[in-house]
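Let's work through a few exercises together, each followed by a solution in steps. Keep the model open beside you as you read.

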Amino acid sequence: FSSLLFSGDVINTVIELGSRLGLIALGVLNPGGYFTPTAGSQSLVEVGLWMLGMSLFSRAYNAWLEYVYFTKPQHRTQPPLEHALRAKCDLTGRELKDLRTQTLHDRATLTLDAALALTLYLLIPGFYPAAGASARSWGARLALVLAHQYCLSFTMYWAHRAGHVVPWKWQHIHGVHHQATHPLSRNTYQAHAFDNFMNALYGHTFAQLLVPLDYTGYYLIHVLRIMESLEKHSGVSCAYNVAHNLQRFLPYSQMPHHHDLHHEGSKRCNFTFSAAGGLWDWAFGSRKAGRAQSIGEQATTLDVRQIEAEAAERQAHEAALARAAANAEGAAAEGKVTLTQLAEHSTAESAWIAIGGTVYDVTNYAAKHPGGKQVLLELAGRDATKAFDDVGHSAKARVVLKALRVGELVGATASGPKLDEDSFWNGHLAVHAPIVMMTGLVALTGTPGTLPLAAFCASALAIESAIIHMSERQR
């Protein structure tokens, strides 16, 4: 568990530093040759130096966020118990076998990262903009940075969502990143190598081709993205999260506590897919209030409105249950639980919740809950159906519930916990359609080198779709 070594591994760290120094060496040893920069482009030496600088900056900012986590427990998004070492897991919930596999993915990620940088440098002249004066005003340049950010986060939103709602991608690709159920900032880039590689293409690469930035804007967005990505996995949500607080003025903005809760659900934790800004989560119905109720200072205006709307919806639902219970015959029949009885069990000493018309006693289970004890205690004595369905739970969670059953809730229709069912809009064709659209737009830019890049991405999507289709036929 080292802040200096990538994944705490010497080989990975050597690959990371060696790949960046290798790019610098290619540029230094080949003056006037194949790696000579074209007009308006950085030299390969500059690209390598910037990549090395970003690696060092990531280390420094990761160290800062983990310093905040370990020294400012009042700002943690989860109680300390959730990061306690148990069952040979690390602080973030990953088992030893997961860590060994992740080390290999990290090596592949670092190698592909350097290969992509060199390929873009050679394939698309001027992709890495040269330093120089800009004809635009600072206001126009900042507006362009914001447009670039929303473009970047649009494609990544759909790539991220696809990783959750398409079962094959969750099981074999994106689920690797979610092995860290209680993430810290060091988990940010620890994912399947293919996931990281395609995100690099769909994110910064597509955005730079569609909304190109000048030298200053290009590296400003990279620094802010590093900060934002590390922060949302940091386990803390407070004023020390610099990038998130800088974008808090944006409508629909999200804070680290939103993404923290996202890591605790199963593949149906269908919310907080967007990067900073949160626009696309709002636009496509996947924005939730996160942990805003327990981290009041980090609740945005929209969080407060969502909490109030959910409270009103819950009250209306409970009122309807109360009316149904009043009209139900044999309310006190054996095996039935009234709303009054449910409300009596709302403490840590006796915590009952209702899900899908069935009441469960979670008193003893609360301490083992992957999402934390506090989440269950906040719902104790109430109907928790919506909260359960929104987060999404695995088949294992439903097995656990069976052992906790108390009885049926009077006045409610006993439907049981909601099953995972893919709607059309969560199907693999629907979630990949926006990525196909963005790939087409990249091809239409007419920038030299974009056609091979778009063809590669289209081929990857076609192969993915074929694999997914075959896996679904076998289910």
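**Exercise 1. Find how E1 and strand E5 pair, and place E1 in its sheet.**

Solution. In this predicted model, E1 pairs with strand E5 (residues 405-409) in the parallel sense, over two bridges. For a landmark, look at Val-337, which stands opposite Leu-409 in E5. Next, step back to the whole sheet: it is open, has five strands in the order E1-E5-E4-E3-E2, and its pairing is mixed. Strand E1 (336-337) and strand E2 (346-347) are the edge strands, each pairing on one side only.

**Exercise 2. Check whether the length of H4 agrees or disagrees with its number of residues.**

Solution. Start with the count: H4 has 28 residues, and at 1.5 Å a residue these should span 40 Å. Now compare with the model, where the end C-alpha atoms of H4 are 40 Å apart, so the two agree. As for its surroundings, H4 is mostly covered, with 20 of its 28 residues buried.

**Exercise 3. Which residues have the most contacts inside the largest nonpolar core, and which helix gives the most to it?**

Solution. The largest nonpolar core holds 58 residues, and Phe-127, Tyr-128, Leu-201 and Tyr-202 have the most contacts inside it. Several helices supply at least two residues each, among them helix H2 (44-71), helix H6 (193-210) and H16. H4 gives the most, with 11 residues. Apart from this core lies another, of 13 residues, including Ala-351 and Leu-404. As background, nonpolar side chains in soluble globular proteins tend to be buried together.

**Exercise 4. Decide whether Met-438 is buried or exposed, and list what it touches beyond its sequence neighbours.**

Solution. First locate Met-438 in helix H16 (residues 428-444). Its relative accessible area is 6%, and buried means under 20%, so Met-438 is buried. Leaving out residues up to four places away in sequence, Met-438 touches Cys-151, Phe-154, Thr-155, Phe-206 and Leu-210. Take Leu-210: it is 228 residues from Met-438 in sequence, yet their C-alpha atoms are 8.9 Å apart.

**Exercise 5. Where do the partners of the salt bridge between Arg-59 and Glu-16 lie?**

Solution. The structure holds 11 salt bridges. In the one between Arg-59 and Glu-16, the closest N and O atoms are 2.6 Å apart. This pair links distant parts of the chain: Arg-59 lies in helix H2 and Glu-16 in helix H1 (residues 10-29), 43 residues apart. Finally, check burial: Arg-59 is buried at 18% relative accessible area, and Glu-16, at 3%, counts as buried too.

Note on methods. Residues numbered from 1 in each chain as written. Predicted model: local features only at pLDDT ≥ 70, side-chain atom pairs only at ≥ 80, totals over all residues. Heavy atoms only, no water. Helix = DSSP H or I, 4+ residues; strand = E, 2+ residues; numbered from the N terminus. Buried < 20%, exposed > 50% of the residue type's maximum accessible area, 1.4 Å probe, protein only. Contact = heavy atoms within 4.5 Å. Core = buried A, V, L, I, M, F, W, Y, C linked by side-chain atoms within 4.5 Å. Pairing = 2+ DSSP bridges. Expected span 1.5 Å × (residues − 1). Salt bridge = Lys/Arg side-chain N within 4 Å of Asp/Glu carboxyl O.
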